Amino acid sequence: MGDEERICISCCADWMSEMPAGLWDVPLWNLAIPDKQSSVLQSEPKVLRILDTLFPCLVRPCIIKWATTQDGSICNQLDLGIRFLDLRIAHKRKDPDEVFYFAHGIYSLLTVQEALTEVAHWLDQHTKEVVIIALSAFDDMNLDQHQDLIHFLIRTFGHKICPSNVTPSVRECWNHSYQVILTYDDLAATGHDELWPKCDYWWANTSDPNCVISYLEERKEEGRPDGFVAAGLNLTEDAWYVVSHPCQSLRGMTLSSYSLLLNWVKQQRPGLGKTCLNIICADFVGDFSNEFAQLVIGLNQKLLRRPDIM
């Protein structure tokens with residue numbers, strides 16, 4: 001394979017713009033795309049809310065250790081090559097302001113508005129990159145608040161939004177200056193052509209990396225759905241385990257299993273096939289010199305060797 005056909009993985013900030021021409025017309029759901037997973041707990045369980053209220057000085061540091069799945073800002077993640085952002089959204093109870101946060105075990109300090117404005121500015125500097133943003137959870141949000149959030153998304157990304165009736169390849173996105181695909185997991189999205197249906201997410205919900213791999217292999221054998229699909233390599237513990245193991249952390253649990261999980265990633269293939277993968281998700285993607293993102297991006301070279309599976 002010549003230099004012009006190699007996928008640049010040494011500098012991942014602009015990896016889509018540097019893809020070989022042979023991949024420009026491949027739908028994004030047939031490419032391998034690295035993701036940063038953003039939650040150890042799908043939403044903060046009642047037991048954690050109660051304990052956090054009674055013993056905040058003890059419980060809050062514990063939750064933070066288990067709810068932190070990435071280091072650095074979202075824009076840093078984009079610089080590392082991440083092109084799928086899985087964002088769990090919440091509105092604080094009894095908060096009169098129309099401000100939204102990320103609910104990843106605890107409310108984030110950074111608001112959704114601040115973070116996504118940063119993403120829009122990053123895209124202004126990387127005009128041939130495309131980011132898929134999956135919004136879900138929407139804890140304590142009513143219909144009016146959904147509409148406020150949706151209108152914010154449309155105002156913020158404007159002409160960059162790829163409408164849901166398009167088959168998005170990088171060439172198609174470049175031709176129309178599309179840079180953002182927004183999936184929205186709520187009926188409030190009905191009637192908004194700018195919003196795509198939710199992305200199917202394969203999540204094993206276990207702390208055992210071997211069980212994670214077994215689960216994903218079972219899902220692959222069942223066959224992937226049409227459109228975007230995410231395979232989660234994330235290790236997960238329940239609320240009682242988090243509270244009862246204050247000296248442990250998600251980072252330690254995850255990094256001890258990284259070699260096993262990365263070896264599984266190396267065996268995967270993007271493309272049209274029943275067992276082909278699309279978005280591959282992991283925690284702490286910047287560790288080990290960004291090996292995870294580089295590895296996932298590099299899987300697209302397999303499409304060049306086998307154009308029949310695109």
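**Stop 1: D140 and its partner**

Start by selecting D140, which is found in the loop between strand 5 and helix 5. Keep in mind as you go that this is a predicted model. Look at the backbone of D140 before its side chain: phi is positive, at about 60 degrees, although the residue is not a glycine. Is D140 buried, partly exposed or exposed? Its relative accessible area is 39%, so D140 is partly exposed.

Now show the side chain and add R93 to the selection. D140 and R93 meet in a salt bridge, at 3.4 Å from N to O. Strand 5 covers 131-139, and D140 sits in the loop that leads from there to helix 5, while R93 is in the loop between strand 2 (84-90) and strand 3 (101-104); the pair therefore ties together parts that are 47 residues apart in sequence. R93 is partly exposed too, because its relative accessible area is 44%. As a reminder of the chemistry, side chains of opposite charge can pair when their charged atoms come close.

**Stop 2: a patch of negative charge**

Next, turn on the surface and pick D97, E98, D144 and D148. These residues form a negative surface patch. To place one of them on the fold, take D148: you will find it in helix 5, residues 143-157. With a relative accessible area of 35%, D148 is partly exposed.

**Stop 3: S177, another positive phi**

Move on to S177, in the loop between helix 6 and strand 6 (180-184). What is unusual to check in the backbone of S177, a residue other than glycine? Its phi has a positive value, near 60 degrees. S177 has 39% relative accessibility, so it counts as partly exposed.

**Stop 4: tryptophans that reach across the sequence**

Hide the surface and colour the aromatic side chains. How many aromatic pairs does a search of the whole structure find? The search finds 5. Zoom in on W24 and W174, an edge-to-face pair with 5.2 Å centre to centre and 75 degrees between the planes. W24 lies in the segment before strand 1 (33-36) and W174 in helix 6 (residues 170-176), so this contact ties together parts that are 150 residues apart in sequence. The two partners fall into separate classes of accessibility: W24 counts as partly exposed at 24%, whereas W174 counts as buried at 16%.

Then select W29 and W196. Their ring centres are 6.3 Å apart and their planes meet at 65 degrees, so this pair is edge-to-face. W29 also lies in the segment before strand 1, with W196 in strand 7 (residues 195-196), so the pair ties together parts that are 167 residues apart in sequence. W29 counts as buried at 18% relative accessibility, and W196 counts as buried at 8%. Before leaving, add F228 to the view: W29, W196 and F228 form one aromatic cluster.

**Stop 5: salt bridges around helix 7**

Go back to charged side chains for the last stop. The structure holds 8 salt bridges, and you have already visited the one between D140 and R93. Select R219 and D200 now; they form a salt bridge whose closest N and O atoms are 3.9 Å apart. R219 is in helix 7 (residues 209-222) and D200 in strand 8 (residues 200-202), so this bridge ties together parts that are 19 residues apart in sequence. D200 counts as partly exposed, because its relative accessibility is 27%. Extend the selection to E222, and you have a network of salt bridges linking D200, R219 and E222.

Finish with E217 and K220, whose side chains meet in a salt bridge of 3.3 Å, N to O. Why are these two separated by about one helical turn? They are 3 residues apart in helix 7, which gives that spacing. Compare how the two ends of this bridge are covered: E217 is partly exposed, with a relative accessible area of 28%, while K220 is buried, with a relative accessible area of 9%.

Notes. Residues are numbered from 1 along each chain as its sequence is written. This is a predicted model: local features need pLDDT of at least 70, side-chain atom pairs count only at pLDDT 80 or more; totals for chains, interfaces and linings use all residues. Side-chain values use heavy atoms; hydrogens and water are left out. Patches are made of residues with over 30% relative accessible area and no salt bridge: like charges are joined within 9 Å, nonpolar side chains (Val, Leu, Ile, Met, Phe, Trp, Tyr) within 5 Å. Accessible areas come from the Shrake-Rupley method with a 1.4 Å probe; for residues, only the protein chains shown count as cover. A salt bridge is a side-chain nitrogen of Lys or Arg within 4 Å of a carboxyl oxygen of Asp or Glu. Lys and Arg count as positive and Asp and Glu as negative; His and the chain ends are not counted. The place of a charge is taken as NZ of Lys, CZ of Arg, CG of Asp or CD of Glu. Helices (H or I, at least four residues) and strands (E, at least two) are DSSP runs, numbered from the N terminus. Buried means under 20% relative accessible area, exposed over 50%, partly exposed in between (1.4 Å probe, protein chains only). Rings of Phe, Tyr and Trp (its six-membered ring) pair if their centres lie within 6.5 Å; planes under 30 degrees apart count as stacked, over 60 as edge-to-face and the rest as tilted.
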